[in-house]
Amino acid sequence: MSMTFNQKGDDDYFIRLLSYLRSQFKENILEMVPYRKSVIWIKTDKDAYMLKGFHTNKRLRLQEAFTSTLRKEGFLKTYLFVHPQIKEPLFFEGTYFGCMEYIPPNKTPFSFKSKKNRQDGLELLEQFHLVTSSFESRYRTLIPKGVIIEKWRDRGKIFSSNSSTLKYFINDKILAEMMDWAYWSLSGMEKDRSLFLNEPYCILHGDVAHHNFLRDTKGILHLIDFDLISIGPASLDYLQYANRILPSLDWSFDRLAHFSQYEKLLNEKAFIHALAFPADIFREWNRLIREGSYRDQQKYNQIMDLTIGQYYSRKKFIDTLKKMTN
């Protein structure tokens, strides 16, 4: 029996969890690797599994049902929850654990720095929307409706309320300009809310970060982690995807327009305004300040690159957006 810790601290918790899992699984657990407190890889004498923790049993059952529906409706590039022989449902120290099939990852991690990955990820997201549009009505009472303007307005308010701390890291001129970007963006989005509200609807993934795309050992790309699914127009996911890949496109409008999925959206003034909102900067600074993790050098370097290192490229991009809407 071996156990590897990717986490710092929490060793006692994982030792207790391992003991509990061994008491519940009828398969012999040979190895365990915690990736996060609620995401655990285990290998038994029969198979390998990913265990994922949920705060409520209802949330676990929803995820099981959703991934099952995805498969039944033809979206095969994701995981399924499986049910190996266990004595009783897994519930440990306030967490309900579901057991998912393990998808062995490619030796090269998925990253938006690759042109092929950016294209493949966008095509997979498009397939996901196409499939979920056929059954989203069944989930309208089970998952929330996707919102963007209200969410970003709240994020901007928190960022603004942190200004006394932010001034130690960002000069006043840049800080003021970022708030101006946010104001201009939200004002334009408000003028045509319909783009972000009107049907046709699909089920939105809600977190199209690079770590939620997984390429397996055969080179097949999978979409994973549906914790933030909601109902709404596909434009909301495409907006978030654009925000994620633009740093890898050197904040080039022309390179973004090259993707066919953005052809119609880039003719919408509301979408162009939305592209200017510094959602990533606000999100990361709000998190850093909330957690007080200024001394984490890796996090600090990443957020400073996002804020200052990419500032002039982003400014040029937003100036282009403003000219297009005049």
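**Salt bridges and helix packing in the predicted model**

Arg314 and Asp280 are joined by a salt bridge in which the closest N and O atoms are 2.9 Å apart, a salt bridge being defined as a side-chain nitrogen of Lys or Arg within 4 Å of a carboxyl oxygen of Asp or Glu. Because Arg314 belongs to helix 12 (residues 311-325) and Asp280 to helix 10 (residues 279-291), the pair ties together parts that are 34 residues apart in sequence; helices (H or I, at least four residues) and strands (E, at least two) are taken as DSSP runs and numbered from the N terminus. Arg314 is buried, with a relative accessible area of 2%, and Asp280 is likewise counted as buried, at 3% relative accessibility, where buried means under 20% relative accessible area, exposed over 50%, and partly exposed in between (1.4 Å probe, protein chains only). The structure is a predicted model, in which local features need pLDDT of at least 70 and side-chain atom pairs count only at pLDDT 80 or more, whereas totals for chains, interfaces and linings use all residues. Residues are numbered from 1 along each chain as its sequence is written, and side-chain values use heavy atoms, with hydrogens and water left out.

In total, the structure holds 22 salt bridges. Side chains of opposite charge can pair when their charged atoms come close. One of these pairs is formed by Glu101 and Arg71, whose closest N and O atoms are 2.6 Å apart. Glu101 is located in strand 6 (residues 95-101) and Arg71 in helix 2 (residues 57-72), so this salt bridge ties together parts that are 30 residues apart in sequence. Glu101 is partly exposed, with a relative accessible area of 28%, and Arg71 is also partly exposed, with a value of 24%.

A further salt bridge is made by the side chains of Arg138 and Glu73, at 2.9 Å from N to O. Since Arg138 is placed in the loop between helix 3 (115-132) and helix 4 (149-161), and Glu73 in the loop between helix 2 and strand 5 (91-92), the pair ties together parts that are 65 residues apart in sequence. Arg138 counts as partly exposed at 47% relative accessibility, as does Glu73 at 33%. In addition, a network of salt bridges links Glu150, Arg153, Glu190 and Arg193.

Helix 10, which carries Asp280, also packs against helix 4, at an angle of about 50° and with the two axes 9 Å apart; axes are lines fitted to C-alpha atoms, for helices over the stretch in contact, and angles run from 0 to 180 degrees between N-to-C directions. Helix 4 and helix 10 are therefore oblique to each other, given that angles under 35 degrees count as roughly parallel, over 145 as roughly antiparallel, 65 to 115 as roughly perpendicular and the rest as oblique. Their crossing is left-handed, a term applied if the near helix is turned anticlockwise from the far one by less than a right angle, with right-handed used if clockwise. The contact (heavy atoms within 4.5 Å) involves Trp152, Arg155, Gly156, Ile158 and Phe159 of helix 4, together with Ala279, Ile281, Phe282, Arg283, Trp285 and Asn286 of helix 10. These residues divide into seven nonpolar, two polar and two charged, where Ala, Val, Leu, Ile, Met, Phe, Trp, Tyr, Cys and Pro count as nonpolar, Asp, Glu, Lys and Arg as charged, and the others, Gly among them, as polar.

Helix 10 packs with helix 11 (residues 297-309) at an angle of about 150°, their axes being 10 Å apart, and the two are therefore roughly antiparallel to each other. The crossing of helix 10 and helix 11 is left-handed. On the side of helix 10, Asp280, Ile281, Glu284, Trp285, Leu288 and Glu291 meet Lys299, Ile303, Met304, Leu306 and Thr307 of helix 11, and by class this contact has six nonpolar, one polar and four charged residues.

Helix 12, the helix of Arg314, also contains Phe317, a residue that is buried, with a relative accessible area of 2%. Residues up to four places away in sequence not being counted, Phe317 touches Leu246, Trp251, Ser252, Phe253 and Leu275. The C-alpha atoms of Phe317 and Asp254 are separated by 9.9 Å, although these residues are 63 residues apart along the chain.
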